[in-house]
Amino acid sequence: VGLLQVRQGDGTYVRAQYDPGETLRRIDRAALRDRIEVRLTLEVEAARLAAARRNDSDLREMRCTLDARRDAGMDLSQRIDHDERFHHAVVASARNSALSDLYAYFSRAIRNTIERTEIDLDLPEPTQADHEALLQAIEARDAEAAESAARHLLTPSLTALTSER
């Protein structure tokens with residue numbers, strides 16, 4: 001994983017202090033509030049960039065996943081799958097490879113936050129209308145509205161978790 005460098009006849013040297021696998025395990029153990037804060041940071045910027053950089057193909061993908069989310073109805077597993085795909089499509093349309101890689105790296109924690117907000121009755125669940133507002137802002141190329149809509153998706157859950165402390 002790139003942590004060590006072996007030099008034949010010279011020895012083994014530490015190249016990095018962080019083990020990516022251990023980092024993922026620590027993220028998985030982090031408080032839900034912390035994971036939602038990171039998700040909020042990534043998704044708000046992704047939405048802003050997506051509004052400026054998206055193309056018609058991106059819009060079709062976002063529309064398809066959002067329609068599938070709606071059509072999943074009470075099938076929670078399907079709704080979560082399509083919700084996750086929608087957010088990945090938004091990030092992909094930001095056209096920032098570093099952001100996409102970071103989001104993919106964090107994807108297990110993202111899925112967990114989606115599951116928790118869908119299942120935990122004490123947390124406000126982002127609605128289909130909330131997701132539609134995000135898509136509409138991206139479609140309109142309104143970066144400010146996209147940023148606001150992305151923030152609105154997660155802020156209620158974050159507020160609920162912060163008030164529990």
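1. A cavity here is a set of grid points where a 1.4 Å probe fits but cannot get out. Keep that in mind as you look at this structure, which is a predicted model. Counting cavities of 30 Å³ or more gives two.

2. Let's start with the largest cavity, which holds about 60 Å³ of space. Its lining is made up of Arg39, Arg69, Asp83, His87, Ile114, Thr117, Glu118, Pro126, His131, Leu153 and Leu154. Try finding these residues in the 3D view.

3. Which elements give two or more residues to that lining? They are helix 4 (76-92), helix 6 (107-119) and helix 8 (143-164). Helix 6 gives the most, with three residues.

4. What is the chemical character of the lining of the largest cavity? By class, there are four nonpolar, three polar and four charged residues. Among the residues to look for are Arg39, Asp83 and Glu118.

5. Now turn to the second largest cavity, with a volume of about 40 Å³. Around this cavity you will find Glu43, Ala46, His87, Val90, Val91, Leu134, Ala150 and Leu153. His87 and Leu153 deserve a second look: they line the largest cavity and also the second largest cavity.

6. Which helix gives the most to the lining of the second largest cavity? That is helix 4, with three residues. Helix 2 (32-53), helix 4 and helix 8 each supply at least two.

7. Finally, the classes for the second largest cavity: its lining has six nonpolar residues, one polar and one charged. For the largest cavity, the division was four nonpolar, three polar and four charged.

How values were computed: Residues are numbered from 1 along each chain as its sequence is written. This is a predicted model: local features need pLDDT of at least 70, side-chain atom pairs count only at pLDDT 80 or more; totals for chains, interfaces and linings use all residues. Side-chain values use heavy atoms; hydrogens and water are left out. On a 1 Å grid over the protein atoms alone, a cavity is a set of points where a 1.4 Å probe fits but cannot get out, and a pocket is an open set with protein on both sides within 12 Å along at least five of seven lines; lining residues have an atom within 4 Å of a point. Grid points are joined across faces, edges and corners, and a volume is the space filled by probe spheres set on the points. Helices (H or I, at least four residues) and strands (E, at least two) are DSSP runs, numbered from the N terminus. Ala, Val, Leu, Ile, Met, Phe, Trp, Tyr, Cys and Pro count as nonpolar, Asp, Glu, Lys and Arg as charged, and the others, Gly among them, as polar.
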